[in-house]
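Please examine the sequence and the model shown below. The paragraphs that follow deal with its charged pairs and then with its nonpolar interior.

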Amino acid sequence: YDLMNEPHPGTAVDVLEQACAALARAHDEVVALGREVAVDFRPRATCAVCLVQEGGAYWAHIGDSRIYQIRDGKVLSRSRDHSHVEVLIQEGAITEEEAQDHPMRNFVECCIGGDAPVPDMSITRKQALQPGDVLLACTDGLWSGLSEQDVAALAVPGEDNIGQNLKALSIKALNVNSPYSDNT
């Protein structure tokens, strides 16, 4: 089924569930690619999918690729990582700031590939959109070295230079994360 080119009679959540099913099939294929490889070298990936429909955004993700909703120069919401550090944040054991340099910040608990079980995928409820909202889907190669204020600077109210801001944000992430910025 071609999600991009065929009309779909279902709801946005139906479409995201189909996307998640496709990601589960991709997971099986990536697991198969790594069967003969040592555990530390098995291929893995994360993914974030966003659907904008009827004044709202729905997203699904696996791992620590994120979707940010930016409004009025602030991060309004973001997806929550499937990582050990995110669990610590949600439990109140550490703050977002402490997570930035936590020794386990790169330990993803759920991803495409790696181990055989199908990963858990999170699907959000409808996130209401307003004119001027910006949605950013990105990997940890972009967000991991940046603050929420850095990410929010992508869409400054009254400015119309998101492309230039995105380039500047990417360069900043590359500089901050170097030499570990392979997926920015």
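Nine salt bridges are found when the whole structure is searched; the model is a predicted one. One of these pairs joins the side chains of D133 and R71, with 2.8 Å from N to O. This pair connects distant parts of the chain, since D133 lies in the loop between β8 (127-128) and β9 while R71 belongs to strand β4, 62 residues apart. Are the two partners buried or exposed? D133 has a relative accessible area of 17% and is therefore buried, because the limit for that class is under 20%. R71, at 18% relative accessibility, also counts as buried.

R78 takes part in two of the bridges described here. With E86 its side chain forms a salt bridge of 3.1 Å, N to O. R78 counts as buried at 7% relative accessibility, and E86 is buried with a relative accessible area of 3%. With E148, R78 forms a salt bridge in which the closest N and O atoms are 3.8 Å apart. Here too distant parts of the chain are linked: E148 sits in helix α5 and R78 in strand β5 (residues 74-78), 70 residues apart. E148 has a relative accessible area of 35% and is thus partly exposed. Through shared partners, salt bridges join R66, R78, R80, D81, E86, E96 and E148 into one network.

The nonpolar interior comes next. In soluble globular proteins, nonpolar side chains tend to be buried together. The largest nonpolar core of this model holds 15 residues, and the members that touch the most others are Y68, I70, L136, C138, L142, L146 and V151. Which elements give two or more residues to this core? They are β4 (66-71), β9 (134-138), α4 (140-143), α5 (148-152) and α6 (162-177). Strand β9 supplies the largest share, three residues. Two of these elements have already appeared among the charged pairs: β4 carries R71, and α5 carries E148.

L146 offers a local view of this core, as one of the members with the most core neighbours. When neighbours within four places in sequence are left aside, L146 is in contact with Q100, V151, L169, K172 and A173. Of these, V151 is itself among the core members that touch the most others. A second core, separate from the one just described, consists of six residues, including V30, C47, I62 and C110.

Technical notes: Residues numbered from 1 in each chain as written. Predicted model: local features only at pLDDT ≥ 70, side-chain atom pairs only at ≥ 80, totals over all residues. Heavy atoms only, no water. Core = buried A, V, L, I, M, F, W, Y, C linked by side-chain atoms within 4.5 Å. Buried < 20%, exposed > 50% of the residue type's maximum accessible area, 1.4 Å probe, protein only. Helix = DSSP H or I, 4+ residues; strand = E, 2+ residues; numbered from the N terminus. Contact = heavy atoms within 4.5 Å. Salt bridge = Lys/Arg side-chain N within 4 Å of Asp/Glu carboxyl O.
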